[in-house]
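Biologist: Hey, could you walk me through this one? I'm new to reading structures, so plain words please.

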Amino acid sequence: MTFATRTLAPTTLTAGGLLLRPLRESDEPAVAEALRDADILRWAAGLATVQAPVHERAAVWLGPRAAGWATGDAYFAITDGTTGEFHGALSVREINRLPDQAVVGYWVTPRSRGRGAARTALDAAARWALAAPEDGGLGVHRIALDHVLANVASCRVAAAAGFRLEGVMRDYFKEPSGRRHDAHLHARLATDRPE
Ligand SMILES: CC(C)(COP(=O)(O)OP(=O)(O)OC[C@H]1O[C@@H](n2cnc3c(N)ncnc32)[C@H](O)[C@@H]1OP(=O)(O)O)[C@@H](O)C(=O)NCCC(=O)NCCS
């Protein structure tokens, strides 16, 4: 569901050798490969994707996201700035559902993990979203993210990208199996200074 009052101009961002560019239909083979990963399915793919037949999952996941820019949500592919290799995906969504706020989510393919891709991409997307419109940004004031307590890697990514821990949301996340998890709430504000 989109809450934005405008479409978003498709945007590319560069940081640390990565290129963040809009997801597109031609990413389907790479997305299909990524959606074989149990952790992406468990923590980041969403119920509609997981409940779809395996051979349809990539299309179910990618379709609304590749089209998301037209309805006010930013869905990036995280790629190698030189080779174009697909490393993962990152979303900035719910833009202005609450005034001047947005929510981020991300995943990285198993083979691309442990090299700082998530941290670098998250920081770049946050800088863009928090920058003023006259500087090419979205002009939001606060960006939130959540992860289940068991997802320690995501917690480290969030903290490294300047998303401070704000608290624990009890039974916030329901995984596809139906099991509920407490989740950390993190956020980064436009006015935050590096800790
Ligand atoms: C979480 C995820 C996005 C991290 O991607 P990544 O590109 O490997 O992340 P980075 O390399 O930027 O950083 C990973 C950090 O987690 C740490 N880490 C990785 N696995 C870990 C584990 N099992 N336990 C503790 N820390 C771990 C790394 O050491 C690193 O921290 P450091 O920089 O302080 O050393 C990736 O593992 C993923 O896609 N997981 C499945 C989907 C998911 O969980 N998405 C997030 C939903 S909230």
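**Chatting through the model**

Modeller: Sure. An unreviewed UniProt entry annotates residues 18-194 as "domain: N-acetyltransferase"; such annotations may be inferred rather than shown by experiment, feature names are shortened, and positions follow the numbering used here. This is a predicted model, where local features need pLDDT of at least 70, side-chain atom pairs count only at pLDDT 80 or more, and totals for chains, interfaces and linings use all residues. Residues are numbered from 1 along each chain as its sequence is written, and side-chain values use heavy atoms, with hydrogens and water left out.

Biologist: How far apart are the end C-alpha atoms of residues 18-194?

Modeller: They lie 22 Å apart, and the span is 29% helix and 32% strand. Helices (H or I, at least four residues) and strands (E, at least two) are DSSP runs, numbered from the N terminus.

Biologist: OK, ligand next. Which residues come nearest to it?

Modeller: Val108, Gly114, Gly116, Asn151 and Arg156, out of 22 residues around the ligand. A residue counts as near if one of its heavy atoms lies within 4 Å of the molecule.

Biologist: And which polar atoms sit by the ligand?

Modeller: A backbone N or O atom of Gly114 is 2.7 Å from a ligand oxygen. Tyr106 has a polar backbone atom 2.9 Å from a ligand nitrogen, and a side-chain N or O atom of Arg113 is 3.4 Å from a ligand oxygen. For a polar contact, we want a pair of N or O atoms within 3.5 Å; within protein, one must be able to donate a hydrogen and the other to accept it, and residues adjacent in sequence count only if both atoms are side-chain atoms.

Biologist: How much of the ligand does the protein bury?

Modeller: Taken alone the ligand exposes 950 Å², and the protein buries 70% of that. Those areas come from the Shrake-Rupley method with a 1.4 Å probe.

Biologist: Which elements give two or more residues to the shell?

Modeller: Helix H2 (38-43), E5, H5, strand E6 (142-148) and helix H6 (152-160). H6 gives the largest share, 5 residues.

Biologist: Switching topic: how many aromatic pairs are there?

Modeller: A search of the whole structure finds 6. Rings of Phe, Tyr and Trp (its six-membered ring) pair if their centres lie within 6.5 Å; planes under 30 degrees apart are stacked, over 60 edge-to-face, and the rest tilted. Phe76 and Trp128 have ring centres 5.4 Å apart and planes at 85 degrees, so that pair is edge-to-face. Phe76 is in strand E3 (residues 74-80) and Trp128 in helix H5 (residues 117-130), 52 residues apart.

Biologist: Are those two buried or exposed?

Modeller: Phe76 is buried at 0% relative accessible area, and Trp128 is buried at 8%. Buried means under 20%, exposed over 50%, partly exposed in between (1.4 Å probe, protein chains only).

Biologist: What about Phe86 and Trp107?

Modeller: Their ring centres are 6.0 Å apart with planes at 50 degrees, so the pair is tilted. Ring pairs also link Trp61, Phe86 and Trp107 into a cluster.

Biologist: Last one: what does the side chain of Thr79 reach?

Modeller: The backbone oxygen of Leu19, at 2.8 Å. Thr79 lies in strand E3 and is buried, at 2% relative accessibility. Over in strand E8 (residues 180-189) you'll find Arg188, whose side chain makes a polar contact of 2.7 Å with the side chain of Asp123.
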